Amino acid sequence: MKHDNDTAQNGLQAVFDYHQATKHRFDAYARGPGRLDWATQPDPFRRYVGAELIPLQKVRPGDQPCYDAVFNPDSMRSPVPVSARSIAQLFYDSLALSAWKSTGGTRWALRVNASSGNLHPTEGYLLCGPVEKLCDTPMVGHYAPKEHALEVRATFDTDRWKALSAAFPASTFFVGLSSVYWREAWKYGQRAFRYCNHDAGHALAAVSIAAAGLGWRTRLLDDLGGDDLSLLMGTFCAHDAEREEPDMLIACMPHQKGTHETSLSAETVESFAALDWRGTPNHLSPSHIDWGMEGIAQKVRRPRGPIDYARLDTPPEPWSLETRAMSLRRVIRQRRSAVDMDGHTRIPRDTFYRMLYRTLALPGAVPFSTLPWKPHIHLTLFVHRVEDIPQGLYLLLRDPAQKQKLQAALTQADPWKKPPGCPDALPLYLLIEADTRAAARQ
């Protein structure tokens, strides 16, 4: 099914209107609660009461694979077989708890996937065929991070699984992501829709990188509509708890060569409405405030059907980087937010360039190889304390085809120039050389 142009334009205008209404301004913040109502603080853990719980193994990090090797398609490791252990490791390295913190009698969990305000609106699902020591029949499972376990929402027959996944390589399975808008709206009010999408993107990247650590490839199945996703994850089932908006389904393919154009059988997807869905979602808060999240979600909910996405005409040049003896899994299990900016610490120029190079959509490199479209976001950077390059305002160009338009648009900037020592493979440009600390604070 092709998109109806009027519907698409209406949805796009709704996004623009929402963006304008929820922007912070110099004279006022966007509309929000104004205070934290601790009596209605959402439970950070969704559970499906009555569903069978399958405990997963906590696979402890080792020295391999190396962090740098996972981001280099030429260093792709041999795929680890799909098993109860490897699926457990995937969730442990992408959506699991990473630590507990406490202060003043209050205790809270940190997770591997980043989240604005540590609120974690994103829920994870597994959709798979039979897996030895995990499930004898195909199933849909909800991931419970606190328990590091899967709640069995539904099981179904092998013929249905074969029909559903016929277009994919053998041993492929799927990870679904959904958002509970209330978890963000409780703290951020009207801006919650922004943050839920922000966090869903973090979770997508976390799954992609964790899968690459197992030698697996990932692909966002973007031809699925919102109704399809709801059927596949069971979020369509009627209940009176806080609703989940299905965000995406990711194919995890344990093969060196993954296909780019894949889809699920529409007829089989529709048959999921008749499955025996088990478990009742727990209530996260005793009461709620309606911040209009369902309205904007309805406007942009995707119909089923393919989109012919534009791809990069000129992919970034390769840059040969040394592989450091640094464990991928130790790094991602220790992820923390930046909380202590001392105003003095500097970083080496080459470290800065390496960090930025990781944000380019390199062919086959995670996490951007999971997406079917080319980059549409470029990075503007306030640089203060990087050794051996000037302070100033910089631009990292993530799609070289946009260079001419951006140069024309940035009419107040100085002529673009590469900073000292910047490799040819990194399209980083100094726009304005100046002390930008005051502007960054603002």
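This report walks through a predicted model, from its nonpolar cores to some details of its loops.

**The cores**

A good place to start is the largest nonpolar core, which has 35 residues. Within this core, Leu90, Leu126, Leu134, Met139 and Phe173 touch the most other members. Several elements each supply at least two residues: the helices H3 (84-92) and H6 (192-212), together with the strands E5 (122-128), E6 (139-144), E7 (149-155), E8 (173-179) and E10 (245-253). Another core, of 26 residues, lies apart from that one, and its members include Ala51, Trp161, Leu231 and Met253.

To get a feel for the largest core, try looking at leucine 134. Which residues is leucine 134 in contact with, leaving aside its neighbours within four places in sequence? They are Ile54, Leu56, Ala84, Ile87, Leu126, Met139 and Leu150.

**Two helices that pack**

Next, turn to the start of the chain. Helix H1 (residues 5-21) packs with helix H9 (residues 293-300) at an angle of about 145°, and their axes are 8 Å apart. This crossing is left-handed. On the H1 side, the contact is made by Gly11, Ala14, Val15 and Tyr18, while H9 brings in Met293, Ile296, Lys299 and Val300. Six of the residues in this contact are nonpolar, one is polar and one is charged.

Tyr18 of H1 has a second role in this picture, as it forms one aromatic cluster with Tyr181 and Phe193.

**Aromatic rings**

Aromatic pairs number 15 in the structure. One of them joins tryptophan 416 and tyrosine 429 in a tilted arrangement, at 5.2 Å centre to centre with 40° between the planes. The pair links distant parts of the chain, 13 residues apart: tryptophan 416 sits in the loop between helix H12 (403-409) and strand E14 (428-433), and tyrosine 429 belongs to strand E14 itself. Are these two residues buried or exposed? Both tryptophan 416 and tyrosine 429 are buried.

**Backbone details in the loops**

The loops hold some backbone details worth a visit. Here are two cis peptide bonds and two residues with a positive phi.

| Residue(s) | Feature | Angle |
|---|---|---|
| Glutamine 64 and proline 65 | cis peptide bond | omega about 0° |
| Valine 366 to proline 367 | cis peptide bond | omega near -5° |
| Asparagine 118 | positive phi | phi about 55° |
| Serine 171 | positive phi | phi about 75° |

Proline 65 can be found in the loop between strand E2 (52-55) and helix H2 (67-70). Proline 367 is in the loop that runs between helix H11 (349-357) and strand E12 (379-383).

Asparagine 118 is not a glycine, although its phi is positive; its loop lies between strand E4 (106-111) and E5. With a relative accessible area of 26%, asparagine 118 is partly exposed, because its value falls between the 20% and 50% limits. Serine 171 is not a glycine either, and its place is in the loop between helix H4 (158-164) and E8. Serine 171 also counts as partly exposed, at 47% relative accessibility.

**An exposed serine**

The last stop is serine 320, in the loop between H9 and helix H10 (328-333). Its relative accessible area is 72%, so serine 320 is exposed, since that value is over 50%. How far apart in space are serine 320 and arginine 333? They are 26 Å apart, C-alpha to C-alpha, with their positions 13 residues apart in sequence counted as a separation.

Conventions: Residues numbered from 1 in each chain as written. Predicted model: local features only at pLDDT ≥ 70, side-chain atom pairs only at ≥ 80, totals over all residues. Heavy atoms only, no water. Axes fitted to C-alpha atoms, helices over the stretch in contact; angles between N-to-C directions. Helix = DSSP H or I, 4+ residues; strand = E, 2+ residues; numbered from the N terminus. Left-handed = near helix turned anticlockwise from the far one by under 90°. Contact = heavy atoms within 4.5 Å. Nonpolar A, V, L, I, M, F, W, Y, C, P; charged D, E, K, R; others polar. Buried < 20%, exposed > 50% of the residue type's maximum accessible area, 1.4 Å probe, protein only. Core = buried A, V, L, I, M, F, W, Y, C linked by side-chain atoms within 4.5 Å. Phe/Tyr/Trp six-rings, centres within 6.5 Å; stacked < 30°, edge-to-face > 60°.
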